[in-house]
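Please work through the exercises below with the sequence and the model side by side, trying each task before reading its solution.

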Amino acid sequence: MSEMIINKLPVPTWTWLKVNDHKVAVPDRIERTACEIESVPEGVTKGAVDFTSICLGDVELGAGEEFRRLSHAAKTGGDSYTVSAGVKVEEPIRIVYDYDKENAGDPAAAAGRLSRTSIVLGEGAELTVVMMFKGCPSFGANDIRIKVAKNAKLNLVEVFQLGEGSNFVDSIGGKYQEKSGLNLIQIRNGKGNTSLGCAAELLGYKSFLDIDTGYLVTGKDNLDINYVARHTGKNTDSKINVSGVLRDNASKVFRGTIDFIKGCKDATGDEREDVLLMDEGVHNSTVPLILCAEEDVEGAHGASIGKISDEIILYLESRGIPEAEINELMAKSRIDAVAGRIPDEKTRELLLSE
């Protein structure tokens with residue numbers, strides 16, 4: 001077992017705040033994660049992953065360089081999905097990773113599990129990919145590399161419904177050309193310790209990054225988030241919206257970085273977080289960061305952190321709703337608000353019905 005440092009803040013702050021990075025324990029042996037692919041829709045070419053051959057070996061990863069070295073050293077293989085220029089794929093790719101099924105009766109169950117995926121979209125292409133993570137990995141990791149050409153758009157949905165005691169790292173990195181971008185939706189409503197990282201290189205004119213994240217963290221679990229938007233192209237745009245609930249003795253760190261690189265004239269960036277603290281024992285850290293080497297840009301950040309107001313509790317109780325149900329209702333509403341924006345109807349309805 002070794003220790004890996006992930007989710008580093010691009011520009012560190014005071015060390016005593018303990019938010020500059022996150023440490024996770026990594027087992028000595030890493031195996032490939034099996035998955036169930038519902039279908040590969042027409043217009044998508046599936047193959048074996050090869051990050052270097054598609055110029056994604058050097059893409060910035062949300063989890064950072066130590067995670068990159070782990071992923072490359074593991075040599076576990078993986079899957080690639082390619083959409084040719086001009087193809088707009090109507091049906092989503094749905095992928096399920098179930099660690100309980102994978103580990104049942106397996107003597108290698110103690111090994112760490114790693115999935116590696118590349119997604120490449122040609123000019124004017126569109127694709128939706130839905131990934132669901134279930135079960136209880138002692139250590140699970142997901143490495144996604146993305147390359148999106150001019151006028152193309154990727155919708156990526158990740159739902160983390162992992163079990164108690166699980167430890168999981170999700171890392172996304174991507175490059176986006178002129179008028180292309182990523183719509184990322186992440187929902188964490190399971191158990192265990194979860195680390196989410198996403199880095200986007202907005203290289204082309206009017207390229208974009210749009211992130212919507214909803215979370216519920218309970219017990220003594222930890223959620224660690226690191227999002228980085230690198231604005232290189234002119235008129236690029238990034239929006240990061242994070243909303244969640246902390247209960248019991250849960251803890252969470254959110255790092256959101258908007259980096260305006262010299263030359264990205266007229267770029268805009270906005271990051272927001274809304275945190276509901278349900279109990280006295282929770283611990284929350286929010287670190288919004290804007291780096292600016294270009295003068296002609298607009299950047300904004302804000303955070304709303306607090307408890308349910310007495311007025312709202314009194315109002316709902318006057319309508320016959322007990323306080324315990326009010327807490328559940330408010331917690332679920334944050335997940336539902338993000339789930340309602342999922343572009344895949346099947347996944348959206350599944351989450352909203354829970």
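The exercises that follow concern a predicted model, and each is solved step by step.

**Exercise 1. Helix H1**

Task: Determine which residues of helix H1 are buried, and where they fall when seen down the axis of H1.

Solution: Begin with the extent of the helix, since H1 covers residues 65-74, and its buried residues are Phe67, Arg68, Leu70 and Ser71. Seen down the axis of H1, these buried residues fall within an arc of 160 degrees, and therefore they line one face of the helix. The spacing can be understood from helix geometry: an α-helix has 3.6 residues a turn, so residues three or four places apart point the same way. To complete the picture, turn to the other side of H1, where Arg69 and Ala73 are exposed.

**Exercise 2. A salt bridge between distant parts of the chain**

Task: Find which residue forms a salt bridge with Asp58, and decide whether each partner is buried or exposed.

Solution: The partner of Asp58 is Lys175, and the closest N and O atoms of this salt bridge are 3.2 Å apart. The pair links distant parts of the chain, because Asp58 lies in the loop between strand S5 (44-48) and H1, whereas Lys175 lies in strand S12 (residues 167-176), 117 residues apart. For the second part, apply the cut-offs, by which a residue is buried under 20% relative accessible area and exposed over 50%. Asp58, at 54% relative accessibility, therefore counts as exposed, while Lys175, at 17%, counts as buried.

**Exercise 3. Two further pairs and a network**

Task: For the salt bridges of Lys23 with Asp21 and of Glu31 with Arg29, state the N to O distances, and then name the residues linked in a network of salt bridges.

Solution: The side chains of Lys23 and Asp21 meet at 3.6 Å, N to O. Both residues are partly exposed, Lys23 with a relative accessible area of 43% and Asp21 with one of 25%. The side chains of Glu31 and Arg29 meet in their salt bridge at 3.3 Å, N to O, and here too the partners are partly exposed, Glu31 at 28% and Arg29 at 40%. The network links Glu38, Arg94, Asp344 and Lys346. As background to these examples, a search of the whole structure finds 22 salt bridges.

**Exercise 4. Two surface patches**

Task: Identify which residues gather in a patch of negative charge on the surface, and which make a nonpolar surface patch.

Solution: The negative patch is formed by Asp266, Glu295, Asp296 and Glu298. Among them, Asp296 is found in the loop between strand S20 (283-292) and strand S21 (298-306), and its relative accessible area of 36% makes Asp296 partly exposed. The nonpolar patch, of about 420 Å², is made by Trp14, Trp16 and Leu17. One of these residues, Leu17, lies in the loop between strand S1 (2-6) and strand S2 (22-26), and at 37% relative accessibility Leu17 counts as partly exposed.

**Exercise 5. Thr128 and Asp100**

Task: Place Thr128 in its element, decide whether Thr128 is buried or exposed, and state what distance separates the C-alpha atoms of Thr128 and Asp100.

Solution: Thr128 is in strand S9, which spans residues 126-135. Its relative accessible area is 12%, so Thr128 is buried. Finally, Thr128 and Asp100 are 28 residues apart along the chain, and their C-alpha atoms are separated by 26 Å.

Definitions and conventions:
Residues numbered from 1 in each chain as written. Predicted model: local features only at pLDDT ≥ 70, side-chain atom pairs only at ≥ 80, totals over all residues. Heavy atoms only, no water. Patch = residues over 30% accessible without salt bridge, like charges linked within 9 Å, V, L, I, M, F, W, Y side chains within 5 Å. Areas by Shrake-Rupley, 256 points an atom, 1.4 Å probe, with all protein chains shown as cover. Salt bridge = Lys/Arg side-chain N within 4 Å of Asp/Glu carboxyl O. Lys, Arg positive; Asp, Glu negative; His and termini not counted. Charge placed at Lys NZ, Arg CZ, Asp CG, Glu CD. Helix = DSSP H or I, 4+ residues; strand = E, 2+ residues; numbered from the N terminus. Buried < 20%, exposed > 50% of the residue type's maximum accessible area, 1.4 Å probe, protein only. Arc of directions from axis to C-beta.
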